[in-house]
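Ready for a short set of exercises? Have the sequence and the 3D view open, and try each task before reading its solution.

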Amino acid sequence: MAKTLEMVFRTSAGNETTISVADPKDDLTLAQAKIVMQDIIAKNIFEIKGSGLAEVVEARIRSLDTVALV
């Protein structure tokens, strides 16, 4: 099963954007994800359409199961 951490942010322009990270740790907690997200905002390293990331919206794990058809 493939897993992806999706970190959803609101920009200073009010739009939502998602940063995805493949293969997060199995024991990742919401608290750990929020710390990382706040750090990303504080360091102001991403700009989306001219706006910086301003607010944490949510963090979620997306799972994908692949079943081969024979």
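Below are three exercises, each with a worked solution.

This is a predicted model, in which local features need pLDDT of at least 70 and side-chain atom pairs count only at pLDDT 80 or more, while totals for chains, interfaces and linings use all residues. Residues are numbered from 1 along each chain as its sequence is written, and side-chain values use heavy atoms, with hydrogens and water left out.

**Exercise 1.** Work out the strand order of the sheet.

Step 1: Find the strands, which are DSSP runs of at least two residues (helices, H or I, need at least four), numbered from the N terminus.
Step 2: Pair them, asking for at least two DSSP bridges between two strands. E1 and E4 are antiparallel partners over ten bridges.
Step 3: Read off the order: the open, antiparallel sheet of four strands runs E2-E1-E4-E3. Strands E2 (16–22) and E3 (47–48) each have a single partner strand, so one side of each lacks a neighbour in the sheet.

**Exercise 2.** Is Glu6 buried or exposed?

Step 1: Locate Glu6 in strand E1.
Step 2: Apply the cut-offs: buried is under 20% relative accessible area, exposed over 50%, partly exposed in between (1.4 Å probe, protein chains only).
Step 3: Glu6 has 10% relative accessibility, so this residue counts as buried.

**Exercise 3.** Which residues does Ile19 touch, beyond those up to four places away in sequence?

Step 1: Look for contacts, meaning heavy atoms within 4.5 Å.
Step 2: List them: Leu5, Glu6, Met7, Phe9, Phe46 and Leu53.
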